[in-house]
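Thank you all for making time this morning. I would like to walk you through one chain, and I would ask you to keep the coordinates open while I talk.

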Amino acid sequence: QVQLAESGGALVQAGGSLRLSCTASGRIFSVNAMAWYRQAPGKQRELVATINTGGNTNYADSVKGRFTISTDNAKNTVYLQMNSLKPEDTAVYYCNLLITKPGDYGMAYWGKGTLVTVSS
């Protein structure tokens, strides 16, 4: 089986920074793409940032210039560095990894989420 473990969510004041991490463990042949999503109260889940095996990144317009997604491929870990946080960044953040298990097809796995609360 594959499991994702997220950490780093916290209560922080506006203008502060947080670093989220998500580590995949289990029977993993390869991790092909990684992403962070978030879901604010009463809203739909939205894509925040993505990174592929080539290191190419994409960001939602609302976080460009403030958030940075990165990976440690040796550790099957994806990070989200969040700077200049705003109250509207308050949400549960989820990692999503496209993982291929040995002898199997790739599929997407979700973390359980980590809560980020930004106070004004």
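I will take the sheet, the core, the disulfide and then a few individual residues. Please bear in mind throughout that this is a predicted model.

Let me begin with the sheet. There is an open sheet of 4 strands, ordered E1-E3-E8-E7, and its pairing is antiparallel. E1 and E7 are the edge strands, each of them having a single partner, so one side of each is left without a neighbour in the sheet. If one ignores direction, neighbouring strands of this sheet are turned by 15° against each other on average. As a general reminder, strands of a sheet pair through backbone hydrogen bonds, in either the parallel or the antiparallel sense.

Strand E8 deserves a closer look, and I will go through its two partners in turn. With E3 it runs antiparallel, and 6 bridges join the two; on that side, Ser 21 stands opposite Tyr 79 of E8. With E7 the pairing is again antiparallel, over 6 bridges, and here Ser 70 stands opposite Tyr 79, while Thr 68 has Gln 81 in E8 as its bridge partner. How many residues of E8 are buried? The count is 5 of its 6 residues, so that one may call E8 mostly covered.

That leads to the core. The largest nonpolar core comprises 31 residues, and those with the most contacts inside it are Trp 36, Leu 80, Tyr 93 and Leu 97. Several strands give two or more residues to this core, including E1 (2-7), E3 (18-26), E7 (67-72) and E8 (77-82), as well as E4 (30-39) and E11 (114-119). The strand that gives the most is E9, with 5 residues.

To see how one of these residues is placed, take Leu 80. If we leave aside its neighbours within four places in sequence, Leu 80 is in contact with Leu 18, Arg 19, Leu 20, Trp 36, Val 48, Ala 49, Phe 67, Thr 68, Ile 69 and Tyr 93. Two of those partners, Trp 36 and Tyr 93, were in the list I gave for the core a moment ago.

Another partner of Leu 80 is Leu 18, which has its place in strand E3. Leu 18 counts as buried because its relative accessibility is 13%, and the cut-off for that class is under 20%. Its C-alpha atom is separated by 5.2 Å from that of Met 82, although the two residues are 64 apart along the chain. Not counting residues up to four places away in sequence, Leu 18 touches Gly 8, Ala 10, Val 12, Leu 80, Gln 81, Met 82, Leu 85 and Val 116.

Now the covalent link. A search of the whole structure finds 1 disulfide, formed by Cys 22 and Cys 95 with their sulfur atoms 2.0 Å apart. Cys 22 is in strand E3 and Cys 95 in strand E9, so to speak two distant parts of the chain, 73 residues apart. The link is right-handed, with 55° about the S-S bond, and both Cys 22 and Cys 95 are buried.

Next, the backbone. Most residues other than glycine have a negative phi, and there are two residues here that I would flag against that background. Asn 76 has a positive phi near 50°; the residue belongs to the hairpin of E7 and E8, which has 4 residues between the strands. Asn 76 is partly exposed, at a relative accessible area of 21%. Ser 84 likewise has a positive phi, of about 50°, although it is not a glycine, and it is found in the loop between E8 and E9. With a relative accessible area of 41%, Ser 84 is partly exposed.

Last comes Arg 66, in the loop between E6 (57-59) and E7. Is this arginine buried or exposed? Arg 66 is buried, since its relative accessible area is 10%, and the class requires under 20%. Its side chain is joined to that of Asp 89 by a polar contact of 2.7 Å. Beyond four places in sequence, the contacts of Arg 66 are Gln 81, Met 82, Asn 83, Ser 84, Leu 85, Lys 86 and Asp 89, and Ser 84 in that list is the residue whose positive phi I have just described.

Key. Residues are numbered from 1 along each chain as its sequence is written. This is a predicted model: local features need pLDDT of at least 70, side-chain atom pairs count only at pLDDT 80 or more; totals for chains, interfaces and linings use all residues. Side-chain values use heavy atoms; hydrogens and water are left out. A nonpolar core is a set of buried Ala, Val, Leu, Ile, Met, Phe, Trp, Tyr and Cys residues joined through side-chain atoms within 4.5 Å. Buried means under 20% relative accessible area, exposed over 50%, partly exposed in between (1.4 Å probe, protein chains only). Contact means heavy atoms within 4.5 Å. A polar contact is a pair of N or O atoms within 3.5 Å; within protein, one must be able to donate a hydrogen and the other to accept it, and residues adjacent in sequence count only if both atoms are side-chain atoms. A disulfide is a pair of cysteine sulfur atoms within 2.5 Å. Two strands pair if DSSP finds at least two bridges between them. Axes are lines fitted to C-alpha atoms, for helices over the stretch in contact, and angles run from 0 to 180 degrees between N-to-C directions.
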